[in-house]
Amino acid sequence: MIQAMLPPDDLADSIAPAPAPACEARGRPPKAPLPDIDPARCTGCGRCIAVCPVHVLGFHTERWTKFAVLVEAEPCTGCSRCEVRCPFNAITMRPAAQVKPHGT
Ligand code: SF4
Ligand code: SF4
């Protein structure tokens with residue numbers, strides 16, 4: 001007899017997607033900073049884009065040069081993961097009033 005191979009309950013729990021951390025579930029905290037990306041330092045490696053849990057970073061291309069930009073400010077939680085991840089110190093977290101999302 002062939003039986004369906006289902007993972008045991010404890011394994012099923014371990015492979016289920018992790019719930020979003022509390023701050024991401026709540027959205028943007030008041031006074032949270034925003035990432036200020038310096039295009040002169042950015043190499044376009046994409047690490048910040050990959051690490052952002054709320055997917056608010058993207059690429060912009062200008063004169064055949066690709067660099068990261070903040071596409072949308074409101075979902076950003078100010079977690080600083082992008083700043084920490086950037087190997088070229090191209091990202092600095094600043095007060096939200098000092099950072100304008102790309103295209104605004
Ligand atoms: S991690 Fe840094 S260098 Fe890489 S795309 Fe982001 S800002 Fe640019
Ligand atoms: S601070 Fe956090 S949420 Fe905001 S853009 Fe960077 S990684 Fe994404």
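**Entry: the core.** I began with the largest nonpolar core, which has 14 residues. I37, C48, L57, C82 and I91 touch the most other members. I then checked which strands feed this core, and found that β1 and β3 each supply at least two of its residues. I kept in mind that the model is a predicted one.

I followed one core residue, I91, through its contacts. Not counting residues up to four places away in sequence, I91 touches P35, D36, I37, C48, C82, E83 and C86. Three of the residues named for the core, I37, C48 and C82, are in that list.

**Entry: the chain as a whole.** I stepped back to the layout. The chain has 4 helices and 4 strands, and along the sequence they run α-α-β-α-β-β-α-β. Of the 104 residues, 16% are buried. I also looked at how far apart in sequence the contacting residues are. Taking contacts between residues at least 6 apart, I noted that 70% join residues at least 24 apart.

**Entry: β2 and β3.** I looked up the pairing of these two strands next. They pair in the antiparallel sense, over 6 bridges. One pair I traced is T61, whose bridge partner in β3 is K66. The two strands form a hairpin with 2 residues between them. In the turn, R63 has a positive phi of about 50°.

W64 lies in the loop between β2 (57-62) and β3. Its phi is near 65°, a positive value in a residue other than glycine. Is W64 buried or exposed? W64 counts as exposed, because it has 5 C-beta neighbours inside 10 Å, and a residue with 12 or fewer falls in that class.

**Entry: S80.** I found another positive phi at S80, near 75°, and this residue is not glycine either. S80 sits in the loop between β3 and α4 (81-85). I counted 14 other C-beta atoms within 10 Å of S80, so it is partly exposed.

**Entry: P33.** I placed P33 in the loop between α2 (22-26) and β1 (34-37). What does P33 contact, leaving aside its neighbours within four places in sequence? The contacts are G78, M93, R94, P95 and A96. I also took the distance from P33 to V99: they are 66 residues apart in sequence, but 8.7 Å apart in space, C-alpha to C-alpha. P33 is partly exposed, because it has 19 other C-beta atoms within 10 Å, and the buried class begins at 20.

**Entry: ligand 1.** I turned to the surroundings of the ligands. Around ligand 1 there are 15 residues, and C42, C45, C48, A68 and C86 come nearest. I had already met C48 in the core and C86 among the contacts of I91. By class, the shell has 10 nonpolar, 3 polar and 2 charged residues. I asked which elements contribute to it, and found that α3 (47-51) and β3 (65-70) each supply at least two residues.

**Entry: ligand 2.** I counted 14 residues around ligand 2. Which of them are the closest? They are C52, C76, C79, R81 and C82. C82 is also one of the core residues I listed at the start. The shell of ligand 2 divides into 10 nonpolar, 3 polar and 1 charged.

Technical notes
Residues are numbered from 1 along each chain as its sequence is written. Chains are lettered from A and ligands numbered from 1 in the order in which they are written. This is a predicted model: local features need pLDDT of at least 70, side-chain atom pairs count only at pLDDT 80 or more; totals for chains, interfaces and linings use all residues. A residue is near a molecule or strand if its C-beta atom, placed from the backbone, lies within 6 Å of it. Ala, Val, Leu, Ile, Met, Phe, Trp, Tyr, Cys and Pro count as nonpolar, Asp, Glu, Lys and Arg as charged, and the others, Gly among them, as polar. Two residues are in contact if their C-beta atoms, placed from the backbone, lie within 7 Å. A nonpolar core is a set of buried Ala, Val, Leu, Ile, Met, Phe, Trp, Tyr and Cys residues joined through C-beta atoms within 7 Å. Two strands pair if DSSP finds at least two bridges between them.
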